Amino acid sequence: MAVNLVNVEAVTKVYGTRALLDGVSLGVQEGDRIGVVGRNGDGKTTLIRMLAKLEEADTGRVTHSGGLTLGVLTQHDSLDPEATVRHEVIGDLADHEWAGNAKIRDVLTGLFGGLDLPGFPQGLDTVIGPLSGGERRRIALAKLLIAEQDLIVLDEPTNHLDVEGISWLARHLQARRSALVCVTHDRWFLDQVCTRMWDVQKGDVYEYEGGYSDYVFARAERERIAATEEAKRQNLMRKELAWLRRGAPARTSKPRYRIEAANELIADVPEPRDKSELMKFANARLGKTVFDLEDVTVQAGPKVLLKHLTWQLGPGDRIGLVGVNGAGKTSLLRALADAATSHGDVQPAAGKVVVGKTVRLAYLSQDVTELPGTLRVLEAVQQIRDRVDLGKGREMTAGQLCEQFGFSKEKQWTPVGDLSGGERRRLQLLRLLMDEPNVLFLDEPTNDLDIETLTQLEDLLDGWPGSMVVISHDRFFIERTTDNTFALLGDGTLRMLPRGIEEYLERRQRMIEAATPAPAAAPAAKSGPSAADTRAAKKELQKIERQMDKISEKEAKLHTQIADNATDFGKVAKLDADLRELVAEREELEMRWLELAEDA
C-alpha cells in the first residue's frame, strides 16, 4: 500500500483580507505525479511552498514522513553568485566520477546541450554571478535533478527552456522514481508527466485523476452537474473539450474519466476554427499580398542568421515558428516589422521584403511596454479605442474585452503600477488587439499567463481573421492556434514541417547525432569495440578504480603527516614531493579511465 510522504491537514492561509487557501486537506503518496493549476494569484505557489515547509500555515498543519528527502525548485534560486557552475551542480566530484555517471551526463546534456555547456563562457568553470535569470534557473534545476529525492517540488520548471529542453525534462521526470508536485502553465508538459491534478480555485483545491486532458474533461463534467459556473466559462470549457477530442495531432491520449459524458457534452460543438470562412474574411481585409520575402538575408550585428530566404506569408496564414535559441526567430519578425512600419523603406541586410498596402501589424514582443503607473487598466485600453470589431458581426467594448482577459469590473480600475508581470503582459496583448490589426506577430505570448487566460486567448484567436506568426516554446499553444509549423534549425534556412513539432524534434536529434564526433581512439576501419574488447576494458576499469582508491588513501595519510609535521620543513618538503607524485599518478589513471569508459 502506498505511503503518504506529505500530509496537509485543514490548512488555511490568509493574505490581507483574502483567504488564498481555506481549510485545505491533501496528501502526496509515493509515486504520485501531481500537476497544480489555477489562475495567477489563486495560491498555487503558496500551496507548494507550504507543502515543502518553506512557508507556515495560519491554521492547520503540514507533516512530512520520517526521513523524507525533498528537492525544491522555487521561483528564486539560492545559488552562490561567487561560485562556479561546477561547484554548484557537480560539487567535489572528480572528473572521472561525474563523467562516468550516466545520470549526470544526461542532465547536463538535456539542460545545457552538452557536457562542455555550450553557450556558457567558461563552460563548467563559469562564475554564476553575471549569468542571466534563465541561465541561473537551469543551473538550479540541474543541481536538483542530479540529486536523489523521495519528493520533487517544482515551481514553473519549463520557464526559460526551449522545446527540446521541455521534451527532455518530461522524459527525465517520467523515468524518475521520485514523487512529483509541479506548478506549470505548460499543458503539453502536464499531459506528458502528471497522473493527478490539483486545481486551486477560490481558497479550495479540487483533485482530479489523470493529466491535463483528463482534468479538462472531468472539471467540465463537474461544473455541468453542479451548475456553478456562468455560461461564458462553460462555453469556453466546451470549446476546449472539442479541441482535445478532435484538434491537433499531438492530443492523442484517450481520457480515462467519464468518456461517454464528455462526448455527450461536446456533441454539438463545431470545429475550433472555421478555416474557410476566416480565409475569406482575411482576403477581404488584406488582399493578395501580406509579406513576400525575396532572397532575404537576416543578420544580428555581424552574425548572419538567415540567408537566401524566399518565403511568403499570405492572407489568413497562421504560422508557428520554432527553432533553437539564437537561430533568428525574433530577428526575422523584427525585420518584417521594420519593413511594415517603414512602408518598405527599411529593408534587411540583403534581398527584399514586399509589404501589402493594407497590412496593419500588431507586434507583441518579449519586452513589456511600460505605461504610466497611475493609469487605470480600463483607461489604458480605452486609450486605443472604446470598441473593437472582431469580425463576422462580433463587436466588444473595451470593458467586455478586459473581462474576457481576466480583468474583472473591479480590477479594471486598478492602477497599472499595481499589476503583476503576467497582468501587464495581458494588458499589452489587449491593447494590441483593440487596435484592430489584420496581422499579428506574437513573440512568446504565453509568458506569465495562467492556463485560464491562455484558454481565453486561444478562444479569441480562433475567430480572429488575419495572418499570424507565433513564436513559442509552449507546444500546446502552437498546436492550438496555428495551422502550419516552420522551423529555423540554426543552419541559415527556414523549413516547413508537415508533422509539426514532433518532426522538429526528430530533425534536431538527427542534427545533434550527425555533429557528434566519433571517438578519436577508434580506428577508421573499426565500427566499434568487440565484446572481448569491452570485457577487457571493464576489467581494466575495475583495476584502475582499485588503484585510485589506494592512492586516495595514501593522499589522505600524507595530508595528515604534513599537518602533524608542520614545523619540520625538511620532512614537509619530502612529504610534499611524495604527494605530488601521487597526484600525477592519479591524474594519469583518470585519463586512462576516461579512455576506457568509451569502450566499456
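Biologist: In which strand is the place of Val-8?

Modeller: Val-8 belongs to strand β1, residues 4-15. Strands (E, at least two residues) and helices (H or I, at least four) are DSSP runs, numbered from the N terminus. The protein has 20 helices and 20 strands. This is a predicted model, with residues numbered from 1 along each chain as its sequence is written. Local features need pLDDT of at least 70, side-chain atom pairs count only at pLDDT 80 or more, and totals for chains, interfaces and linings use all residues, while side-chain values use heavy atoms and leave out hydrogens and water.

Biologist: What does pLDDT come to for the protein, on average?

Modeller: pLDDT is the predictor's confidence in each residue, from 0 to 100. Here the average is 81, and 82% of the residues score at least 70. Residues 248-258 stay under 50, and the model gives them 21 contacts beyond four places in sequence; contact means heavy atoms within 4.5 Å. Residues 520-526 are also below 50, with one contact beyond near neighbours in sequence. Where pLDDT is low, don't read the predicted coordinates in detail.

Biologist: Back to that strand: is Val-8 buried or exposed?

Modeller: Buried means under 20% relative accessible area, exposed means over 50%, and partly exposed is in between (1.4 Å probe, protein chains only). Val-8 counts as buried because its relative accessibility is 5%. Leaving aside neighbours within four places in sequence, Val-8 touches Val-24, Ser-25, Leu-26, Leu-51, Arg-61 and Val-62. Its C-alpha is 6.0 Å from that of Gly-27, 19 residues apart along the chain.

Biologist: How many residues does the largest nonpolar core have?

Modeller: Think of a core as a set of buried Ala, Val, Leu, Ile, Met, Phe, Trp, Tyr and Cys residues joined through side-chain atoms within 4.5 Å. The largest has 72 residues, and those with the most contacts inside it are Phe-291, Leu-293, Phe-405, Leu-427 and Tyr-504. A second, separate core of 48 residues includes Ile-146, Trp-188, Ala-218 and Ile-451.

Biologist: Ile-451 starts a helix, α16. Which residues of α16 are buried?

Modeller: First, the general idea: an α-helix has 3.6 residues a turn, so residues three or four places apart point the same way. In α16, though, twelve of its twelve residues are buried, among them Glu-452, Gln-456 and Asp-462. This helix covers residues 451-462 and reaches 16 Å from first to last C-alpha, close to the expected 16 Å; the expected span is 1.5 Å times one less than the number of residues.

Biologist: Which side chain has a polar contact with Asp-462?

Modeller: A polar contact is a pair of N or O atoms within 3.5 Å; within protein, one must be able to donate a hydrogen and the other to accept it, and residues adjacent in sequence count only if both atoms are side-chain atoms. The side chains of Asp-462 and Arg-480 make one at 3.0 Å. Arg-480 lies in helix α17, residues 475-481, and counts as buried because its relative accessibility is 1%.

Biologist: What does a side-chain oxygen of Asn-101 reach at the start of α4?

Modeller: That oxygen comes to within 2.9 Å of the backbone nitrogen of Lys-103. You can spot something similar at the start of α16, where a side-chain oxygen of Asp-450 reaches to within 3.2 Å of the backbone nitrogen of Glu-452. Just after α4, Gly-113 takes a positive phi of about 90°.
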